[in-house]
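Trainee: I would like to go through the labels attached to this model and the reasons behind them.
Mentor: Then put the structure up and ask.

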Amino acid sequence: MSAPSLTPSKAARSRHDRPPVDGPPPPGGSFTRSLKRNLTAHGFLIGAVLCFAIFSWYPMVREFFLAFQKTDQGEVSWVGLDNLETVFNDPAFWQAWRNTLLFTVLALVFGFAVPFVVALVINELRHGKGYLRLLVYLPVMLPPVAAVLLFKYLYDPGYGLLNEVFGAVGLPEQQWLQDPDLSMLSVVIASTWMNMGGAALIYLAALQGIPGELYEAAELDGAGLLRKVWHVTIPQTRLILSLMLLMQVIATMQVFVEPFLLTGGAGPEGSTTTVVYLIYQYAFNFNNYGAAAALGLLLLVLLAGFSAAYVKLSRAEDE
């Protein structure tokens, strides 16, 4: 008798070993399936887009039209360039631009350099970095109004702490917010203290990303502290420094809260009148929304032009 054939059993095993064949695809195209999978993400995205559209994009478009319109007792009429002419003929216009540029320059001297130096010092310490990071960032967590009122107390000519310290060391007392020569500097100091924490932490994060081998090589070449900062630290953090410089110029050109709360906006002899405060005056004191929109449009065009030129020059240097 011949042995039974094993071929059928092998065929049966091979059938069981085959991967299952996928069934027909579910109804609907790939876009529908992708939309169902990412429905939550699309919901959050739509919410963010709506927020930007309502609170950012629409006011910008509305401001553009208001700059060429005039509202009189609820009636809107097109006036062309009359609002721009009103703004240019205002004696406070050029003074506001001078004060804003002065604030920007002083804020770059203090607000750009001081956070970088603070970050360098914290980065060199071996202990207490976490505590110092919290201490540096603490002013940013304070409400701006509370921080400004704190400096208003410090600057008070009668019972202010600064004049008390000056008197204790034999220095003459100062009219910090009442003197036209000191008012803008006082505003800059307060603004630097309020806003330096965020910049210092960004610089500190950039410093911690620099490889230690670069500093060791610089030390072997005999480089001191200043040479290491100039030849290693600054080149390695150039991108962050460039970005922070651009952001700080844009922010300081729009300063409003500090001079408004410290000196009432205009300050002694108009020494702290800024462009944004002048926009506030046009809109809420003079009810001239067309002039306010025209001045805001000028500021927008100036900052956009500066940003574009700065980015183009930065790219040209990198190439």
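The exchange below takes some labels one by one and sets values against cut-offs.

Trainee: What kind of model is this, and what is its secondary structure?
Mentor: The model is predicted. Its secondary structure comes to 15 helices and two strands, and 32% of the 319 residues count as buried.

Trainee: What makes F52 and W57 a stacked pair?
Mentor: Ring centres have to lie within 6.5 Å for a pair, and planes under 30 degrees apart count as stacked. F52 and W57 are 5.9 Å apart centre to centre, with 25 degrees between the planes, so both conditions of the rule are met.

Trainee: Why is the pair of F93 and W97 called edge-to-face?
Mentor: The centres of the F93 and W97 rings are 6.1 Å apart and the planes stand at 70 degrees. Edge-to-face asks for planes over 60 degrees apart, so F93 and W97 get that name. The two residues are four apart in helix α5 (residues 91-124), which means about one helical turn separates them.

Trainee: How do you know whether F93 and W97 are buried or exposed?
Mentor: Buried means under 20% relative accessible area. F93 has 3% and is therefore buried; W97 has 12% and is therefore buried.

Trainee: Why are F52 and W57 called partly exposed?
Mentor: Partly exposed lies between the 20% limit for buried and the 50% limit for exposed. F52 has a relative accessible area of 46%, so it is partly exposed. W57 has 47%, so W57 is partly exposed too.

Trainee: How many aromatic pairs does this rule give?
Mentor: The count comes to 24 aromatic pairs. Ring pairs also link F151, Y155, F166, W176 and W193 into a cluster.

Trainee: What makes L138 eligible for a surface patch?
Mentor: Patch residues need over 30% relative accessible area and no salt bridge. L138, in helix α6 (residues 129-141), counts as partly exposed at 41% relative accessibility, so the area condition is met. The nonpolar patch consists of Y131, L134, L135, Y137, L138, V140 and M141, with about 670 Å² of accessible area together.

Trainee: Where does UniProt place the feature "transmembrane region"?
Mentor: The unreviewed entry gives several spans, including residues 39-58 and 101-122. In the model, residues 39-58 are 100% helix and 0% strand, with end C-alpha atoms 26 Å apart. Residues 101-122 are also 100% helix and 0% strand, and their end C-alpha atoms lie 31 Å apart.

How values were computed
Residues numbered from 1 in each chain as written. Predicted model: local features only at pLDDT ≥ 70, side-chain atom pairs only at ≥ 80, totals over all residues. Heavy atoms only, no water. Patch = residues over 30% accessible without salt bridge, like charges linked within 9 Å, V, L, I, M, F, W, Y side chains within 5 Å. Areas by Shrake-Rupley, 256 points an atom, 1.4 Å probe, with all protein chains shown as cover. Salt bridge = Lys/Arg side-chain N within 4 Å of Asp/Glu carboxyl O. Buried < 20%, exposed > 50% of the residue type's maximum accessible area, 1.4 Å probe, protein only. UniProt positions renumbered as here; feature names shortened; annotations may be inferred. Phe/Tyr/Trp six-rings, centres within 6.5 Å; stacked < 30°, edge-to-face > 60°.
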